Amino acid sequence: MNMEAFLNHLVAKYNFWLYIILMMIGLYAMIAKNNLIKKLVGMNIFQTAIILFYVSIGSKRGGTIPILEHVSGGAQHAIDPANYVNPLPHVLMLTAIVVSVSTFGVALALAIKIYQRYKTLEEDEILTRIRES
Amino acid sequence: MILSGGLLLYATKDFPSWGDPTSPASTHVSPRYLKKSLEETRVPNVVTSILADYRGYDTMFETTVIFCAGVACFMLLRTFEKRETDHYYRHVPTGITIHIKGQREIPIESKEFEKIDAIWTPYDLIINTVSRFLVPFIQLFALYVIAHGHHSPGGGFQGGVILGASMIVLAIAFNLRTAVRRLGERIDSIMSALGVFIYSGIGALCVLLGANFLDYKALAQILPIDRVAARSDGILGVEIGVGIAVMAVMICVYNNVASEGRYDEGL
Amino acid sequence: MELYYSIRPLLAVLVSLCAVPFIVLSPRPNIRETVSFIAAGLKFALVISMLPVILNGHQIIFTLMNVLPGAPIQFRVDALGMLFGIVSSFLWIVTTTYSIGYMRGLDEHAQTRYFCFFALALSATIGVAFAGNLLTLYLFYEMLSLATYPLVTHHQDDEARISGRKYLTYILGTSIGFVLPAMLYVYHVTGTLDFSALGVLGGKAHPTTLIVVLFLFIFGFAKAAIMPFHAWLPAAMVAPTPVSALLHAVAVVKVGVFSIIRVLLYTFGTKELMGLHVGPAVSYVASFTIIIGSLIALSQDNLKRLLAYSTISQLSYIILGVALLSPRGMTGGLIHIPMHAFGKITLFFCAGAIFVATGKKNLSEMHGIGKRMPITMIAFFIASLSIIGLPPCGGFLSKWNLLLGSLQSHQAIALVVLLVSSLLNAAYFMPIIYKAFFLRDQGSAQGIREAPLFCVVPLCVTSLLSIAMFFYPQPFYKLIKLVIHQLLGA
Amino acid sequence: MIAHYPALLVTIPLLAAFVIYGCSWLHKKSCLPLALLALAISCAVSIGLLAQAIAKGHISYHLGGWQPPWGIAYEVDPLNALVLVAVSTVAFINLIATAGEIEQVFSDRKGAFYTLYLLFIVGLLGIVVTGDLFNLYVLLEIASITGYSLIAMGQADRAPLSSLNYVFMGTIGACFYLLGVGYIYIMTGSLNMADVRALLPSLYHSSAILVAFIFCLVGVMIKMGFFPLHTWLPNAYTYAPSPAISLIAPLMTKVMAYVMIRLILSVFSPAFTFASLVVGHGIVWLACLAILMGAILALSQRDIKKMLTYIIVSEIGYIVGGAWLGNNTAMTGAVLHIINDTLMTFCVFLAVGGISRKLGSVELNNFKGLFKKMPFTMGAFVASGLSIIGVPPTCGFFSKWYLISGAMEAGSYSFVCVLIISSLINVILFFRIIETAFFAHSDPGNRHDYLLSEIDEISLNTLIPLLMAAAGLLVLGMYSGTVVGRVIQPALAGIL
């Protein structure tokens, strides 16, 4: 019996599995990869996975985008929150996207500075060059 | 790494299932936004109202983050010392590039010759003309996106990025030198500082007028409108500030990263 | 026994601290010496001014800052503190004059730094003497060990570096390693660190842990140079003689012994100690140090190292006296502080004078020196009498009381140890006197005269004083009676 | 205007940063005075805030005029007001001390440096004061991005690489924290700390809250440089430029430590953290490991700066260990240690920065004879060394005192002996340096050894702040009784 409970439990939350897998890929790339740029890409995947998680929190079945039609004359009929998607996570994720972009920018600038100095982006070559100098 | 993955899986056990409207997240705080935002800020797009008003403080720091990235790239990469290299010229009508070794400049001042930075800067007539034609429309659309953040999805960030992109199109199509000639580094940096300053300036203005920081209803005292309209105008003002800042930062980051801080040859 | 609130104890501590900037800024050496001289005089006057109040049984308290709940930085001047305060401040005056002569004689470098750290060390010693609770005592104890480091390593050569390193590892290592946890345990159990005549740790903890904490304290205060942790004292002989004279005969080592006494009597309390019957155990440690110290002293050739080992054994006399827990024994132990101070400082002065005049350090080269430096050697003779404990000098009184005390507390072993060690003392002092006066010097230059006046005068003052104390020990006795009256009620 | 102190505290440096960046293009000379002015104002405001916090106990400031769960609110209590004062004073003094060096080294990019400097301070001040979990993440990002770029401006060959490693670790940490906040949000629906605290008790059984707590903690610990996750700290801090390092080293890790304590105390109530979590003892053991490893690794370093970074790692071990012991005294010790440690690390790094500027490299053996050449700087270095060891008059002793008595109260004697051992190792560390500095080649020639020609001290406007910091160590030590009695105890009384 619990197999079936487990199954529908699994199906009901498939989006959470997705973001965990994405995150693990990002984390793996960041730690294991040798080339700096690949690490950067891994970092970006890692951050987008979290953004996916947040956005999936706010979604509601059958909810439309949270823009309330501008009823002329302002007679406000009761807005039922059920049929609108929860806007808060979207706001948070605007910030998270901006943050990931700026971190990416700064990290790229650093990578260029390293390249200017060592003429390579492979981490092990850089370390050997450091040891020589 | 596997440990953290396992931990995450373990945690999902008692999450509310996906998308059900009764999940705590959407029952606790956000319904109020949905109900109240229209009659409080007269902004139909609830996301923008939360973005700029309810959690306006977050967004201010968000713009500061973008500003930090711009300043960081400037500081890390920008080098001011001029490298004495040989000079390149292109004969505009025929498209031939001339490479002069040593420091001598070309004596004749004629319209046909155009100074370029590197031998490989691309030159393609079609792309140049099309991009020169297209850029104004991109900018127009970007302004629309900023202004209409209230009604349709959009707002300061998205509009700012599109504006920045329009300038970068120029830099790519032509070369960095022409893009920099259109929007110099000095003006660009000042605009980035100005944009964020507008945002926090409006917030500080509310403090001067007595209300809490970023409380736009205080603007009603100086603007000839009632308190709720003041909120939506406050949001608009803030959106404009954000747009300017984001555009300037995008351009500054691109210029620095593309030319490794020397601002001479383009991609 | 009321409590007087006056700022004088703080002033006594601070007077030499304020002297430091003046010493540093004084342009010419003479001004620098006079400043430190005035500071010494002022300090001694301040200490004496507090004597009458203490003599008729009162105590002076001054709270500087309450830093921890239950353990403020507080000064409390009582009879024990006053005894130690008088001895060290008086001897500071004598040593300042001596060091002027010594420094000028040998033309040492970095004299300003020397005088500054000297003044700092003294203010720390007085701070320990007048400490009101364990925290203040620990504070000044650390300050003293740090202030004396530059003095010990004054010559800045490699030998000084090694001995400095040894000095620090022993002193700082044991003080942080042993005293800090013990102090924290006391604070944790009792909630306060104050010294009270009846002892703070009234049965609040399990006896075995109390014994462990007690020994942590005893070995923690390594400045008392008890056997396992004594190696820093002979190593510190590399310092110039006035440093080793004042610090290692009077200030530093006495601070160690003084803090152990403070902890034993005022934190644990006499009843607690008797209850734990830990007295015999402490006296065994002390007597072990006495015997071994004297034996090693026998075999030393370098005069200053000999005096160092004799200091180690003499110090344990004091601890032995206190550990006997009998009124007579305690009087003997406490009176030994001034006696040993005056006697030992004269010996170190003589050693310094010989070094200044002839440049000799080892005993084997000192044949027939008595003929050329009669005054120094006579003072040396008197002081050694006092250390051995023969009648005309003060040392006899302390030995006498110690012997009576050991009888009173039925400690036969202590009695035997005291007698044997007196014999040993005689055994290593008499050959020096014999060589100095009766042997003919082997043809080294005839024309050696006495050391400079500045060295010889303090020499004679301290030796005469140690004789005077034999005939007129009343001020010290009165103070000690007060201490005993408070503690044992006898 | 007084009511707006919490907002002013953060916005004034923020506005100043933008104005400075603008004017760095127009009128270069006016950058420094503006920066100094902004920091001075924020310093004064934080002191005023502390006075208010002590008087009123708790101040709440609603940003944008909205009630907390909907808008963002600032919560100021005596505890974080104290941290505020420490952060702003250190920043202000540091700018005065290193202004000369910044002007000289980054002459062309001076405006950018000051902007990043101010934004770093804005980030830190915001983190300490904010009452909203997500706002804390955004401020954390500001502080780290400015931190990455400030560090990357150091020596050309090693600084960018170590800064990049710092970027990777920092981003992982921040994203773990964000994930933790997400898990809290999905379960409780609100982001405001006080609101979350009210909602949590009913959810303690659920595993999501447990995971949220673990992720928030792990994220904060990465940023804090706690032992197993500290690999980025030594390289990042050693190769950074000295003006940046004497700012980042004392502040970044300590503010993150405060965030951890705030998470334990005001978001996940102590009952949850200590009672239902068996992990508390594990973390105390980890802290012991951190202290020991930090001290041992410091022993093996030749370069003084690298040695100091390892000492920071072991200091963080003190704070985490103290916080996780669970009783009131240990927590007071941990909070007091945050303040003391900020001042100590600042003084040490300022002194080493001055010396490295004068001598070039900071290797152990070129410290020879430094007492004669730079007596005052070495004096300040010795004072801060003593404070790190924990010698009574200085403030380090008293925070160690509280930590050890708290450990005794909690009965974890391993923490006690680890603290003792690490102070002994610190003794060896610092006296190794003092010994080499003291034993110069003694030239017997000079009579009066303080010849002025011989002293080439660091410039005056660096020296005076350094001496002020050293004196501050003693004063803080003396007044730690009042600091604890008036500020920390009332704040903690309600909670623990």
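**Strand pairing in chain C and the contacts of chain D in a predicted complex**

In chain C, β2 and strand β3 (residues 71–77) pair in the antiparallel sense over six bridges. The model is a predicted one, and the description below covers the sheet of chain C, the fold of chain D and the contacts that chain D makes with chains B and C. Within the hairpin of β2(C) and β3(C), two residues lie between the strands, and G70(C) adopts a positive phi near 90 degrees. L68(C) has A71(C) of β3(C) as its bridge partner.

A further pairing involves strand β1 (residues 3–5) of chain C, which runs parallel to strand β2 (residues 59–68) of chain C and is joined to β2(C) over three bridges. Here L3(C) has Q59(C) of β2(C) as its bridge partner, and Y4(C) stands opposite I60(C). The three strands thereby appear as an open sheet of mixed pairing, in the order β1-β2-β3 (chain C). Because β1 and β3 of chain C each have a single partner strand, they stand at the edges, and one side of each has no neighbour in the sheet. From one strand to the next, the twist averages 40 degrees. Helix α5 (residues 134–152) of chain C lies across β2 and β3 of chain C and runs at about 85 degrees to β3(C).

Confidence in chain C varies between these elements. The average pLDDT of the chain is 81, and 95% of the residues score at least 70. Confidence in chain C is lowest in β1(C), with a mean of 72, and highest in α5(C), with 86. For the complex, the predictor gives an ipTM of 0.83 and a pTM of 0.87.

Chain D contains 19 helices and two strands. Its radius of gyration is 22 Å, close to the 23 Å given by the globule rule for 496 residues, so chain D is as compact as a globular protein of that length. Along the principal axes, the C-alpha atoms of chain D fill a box of roughly 80 × 60 × 45 Å. Of its 496 residues, 66% count as buried. Among the contacts in chain D with a separation of 6 or more, 79% are between residues 24 or more positions apart.

The two strands of chain D, β1(D) and β2(D), pair in the antiparallel sense over four bridges. In this pairing Y61(D) stands opposite Y74(D) of β2(D). Along strand β2 (residues 73–76) of chain D, A73(D) and E75(D) point one way, whereas Y74(D) and V76(D) point the other way; all are buried.

The mean pLDDT of chain D is 82, with 92% of its residues at 70 or more. Helix α11 (residues 270–275) of chain D has the lowest confidence in the chain, at a mean of 66, and helix α5 (residues 133–152) of chain D has the highest, at 90. Over residues 442–453 of chain D, pLDDT stays under 50, and the model has nine contacts beyond four places in sequence for this stretch. Where pLDDT is low, the predicted coordinates should not be read in detail.

The contact between chains D and B takes 49 residues from chain D and 48 residues from chain B. On the side of chain D that touches chain B, at least two residues each are supplied by α1 (5–26), β1 (59–62), α4 (110–129), α5, α6 (159–188) and α8 (207–224) of chain D. The largest share of this side, ten residues, comes from α5(D). By class, the residues of the side of chain D that touches chain B divide into 30 nonpolar, 16 polar and three charged.

The contact between chains D and C takes 27 residues from chain D and 25 residues from chain C. Two or more residues of the side of chain D that touches chain C are given by each of α17 (395–410), α18 (413–438) and α19 (460–493) of chain D. Of these elements, α18(D) gives the most, with eight residues. The side of chain D that touches chain C has 18 nonpolar, six polar and three charged residues.

Note on methods:
Residues are numbered from 1 along each chain as its sequence is written. Chains are lettered from A and ligands numbered from 1 in the order in which they are written. This is a predicted model: local features need pLDDT of at least 70, side-chain atom pairs count only at pLDDT 80 or more; totals for chains, interfaces and linings use all residues. Two residues are in contact if their C-beta atoms, placed from the backbone, lie within 7 Å. Ala, Val, Leu, Ile, Met, Phe, Trp, Tyr, Cys and Pro count as nonpolar, Asp, Glu, Lys and Arg as charged, and the others, Gly among them, as polar. Two strands pair if DSSP finds at least two bridges between them. The radius of gyration is taken over C-alpha atoms; the globule rule is 2.2 Å times the number of residues to the power 0.38. A residue is buried if 20 or more other C-beta atoms lie within 10 Å of its own, exposed if 12 or fewer, and partly exposed in between; C-beta atoms are placed from the backbone. Axes are lines fitted to C-alpha atoms, for helices over the stretch in contact, and angles run from 0 to 180 degrees between N-to-C directions. pLDDT is the predictor's confidence in each residue, from 0 to 100.
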